[in-house]
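Here are some short exercises to work through with the model open beside you. Try each task before you read its solution.

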Amino acid sequence: MATPVRSGVPRPGRNPAFPLPSSPGASQEEIRRQNLGAVLRHVHVHGPTSRAELTTRLGLNRSTIGALAADLAATGLVTEEAPTTARRAGRPSLVVSPRSDRVYAHALSIEADRLRAARIGLGGRILDLREAGRPCGMSALDAVGPLADLVRDMERSVAADAVFVGGAVAVADTTRDPDGRIRIGGADEALGAALGAELAAGPGFVAADMADIAGLAEHVRGVAAGVDDFVYLHGDLGVSAGIIIGGRLVVGHRGHSGKVGHMVVNRDGLPCGCGSRGCWETEIGEAALLRHAGRDPAERAAVAEVLRAAADAEPTARAAVQQVADWLGFGVANLVNVVNPDTVVFGGYLREVFAAGADTVRRRLDEMALPASREHVRLQAAALGRDAPLIGAAELAFDKLLADPLNAGVAGQPGTGQADAPA
């Protein structure tokens, strides 16, 4: 049987959102389950797709696609409907659509100054969204109770036959203590278990760093869709990266890779919260922008004001943005030399810095990076904005279901209001 092939997306097995090809010794049932996953993944990522299009894109024959789509519809994971407009003569091909209204995940984010919770349906549609403030000094584990309250509030409006498939939480790797000091943190291994216990959620929760999850979102649904090798840079109080090589996220030992904000770029620079001096985030983080603009580095609300003033060509604000953009290009040049990506994506607050100082970033990159690494690399602003961590968290939560739609263990859980899951 042919391995599914997709046009314009990463090859099977290279992107965590797409399946591996069948192994040579796979049984017919194993092949069927993998192909069910391939069909479900395609409509999850690309939206409603006709059976005829699935036949072409996945490289399977019409009868196989028909049987797979019917099986997924019988489980309640997709719907099959006639197209609203006929494109050609003859019997129209049924359109397969994900059941966004029935099958959903909880996507959470613990950000530098706020907590967010979303209910996201199969297909990536945000069905509900809540948020609350995150007090200074609140640890990730301290956030479990408030996040659970947001989830319970969302669950009050969930239909009785809806199916919860699991959850994930994105965690910012820096926060500010009440005394103003920056604390270096990140995803805690106990966080997912604590959320699952608090919410009595059988499928459980996965916890990962903010940049990793936001990078995954841009890889599946954003500006880096179809790009096998790229770096996603996320900036707020600190700076971190989601690094995807060969279509796979690089997580490192215990998931703590991507701390690029702590590579030293200026040995005469300012002390960093990590204990070193001259780290990259001391030159490009929010505090650096505010410092160059003559504002209080602890006044996060002023970041947007400085960026707006720079857009209006106010001299001090514009000079501050250009100085940060120059250091941004300095660090990107180092990353490009090491990783040799096809694309670098700027997210979080760095998205706005890049938008305002793209020429400066590119000029510094061209001055410093090796020609073989810089000539092909694209620099792009993130497409998904502030929702990228939530969208990426949902992708992690859906992964088990998409890998094996008939054996994902998505039965409804006590206290969440869900009915029985597809068998």
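**Exercise 1.** Which residues point one way from E5, which point the other way, and are they buried or exposed?

*Solution.* This is a predicted model, in which local features need pLDDT of at least 70, side-chain atom pairs count only at pLDDT 80 or more, and totals for chains, interfaces and linings use all residues. Residues are numbered from 1 along each chain as its sequence is written, and side-chain values use heavy atoms, leaving out hydrogens and water.

Step 1: strands are DSSP runs of E with at least two residues, and helices are runs of H or I with at least four, numbered from the N terminus. E5 spans residues 114-121.

Step 2: Arg114, Arg116, Ala118 and Ile120 point one way, while Leu115, Ala117, Arg119 and Gly121 point the other. In a regular strand, side chains alternate between the two faces of the sheet.

Step 3: all of these residues are buried, where buried means under 20% relative accessible area, exposed over 50% and partly exposed in between (1.4 Å probe, protein chains only).

**Exercise 2.** Find the strands that E5 is joined to, and the partners of Leu115.

*Solution.* Step 1: strands pair if DSSP finds at least two bridges between them. Seven bridges join E5 to the antiparallel strand E4 (residues 103-110), and Ile110 stands opposite Leu115.

Step 2: eight bridges join E5 to E6 (residues 125-133), also antiparallel, with Ala132 of E6 as the bridge partner of Leu115.

Step 3: three residues lie between E4 and E5 in their hairpin. The hairpin of E5 and E6 has three residues between its strands too, and there Gly123 takes a positive phi near 105°.
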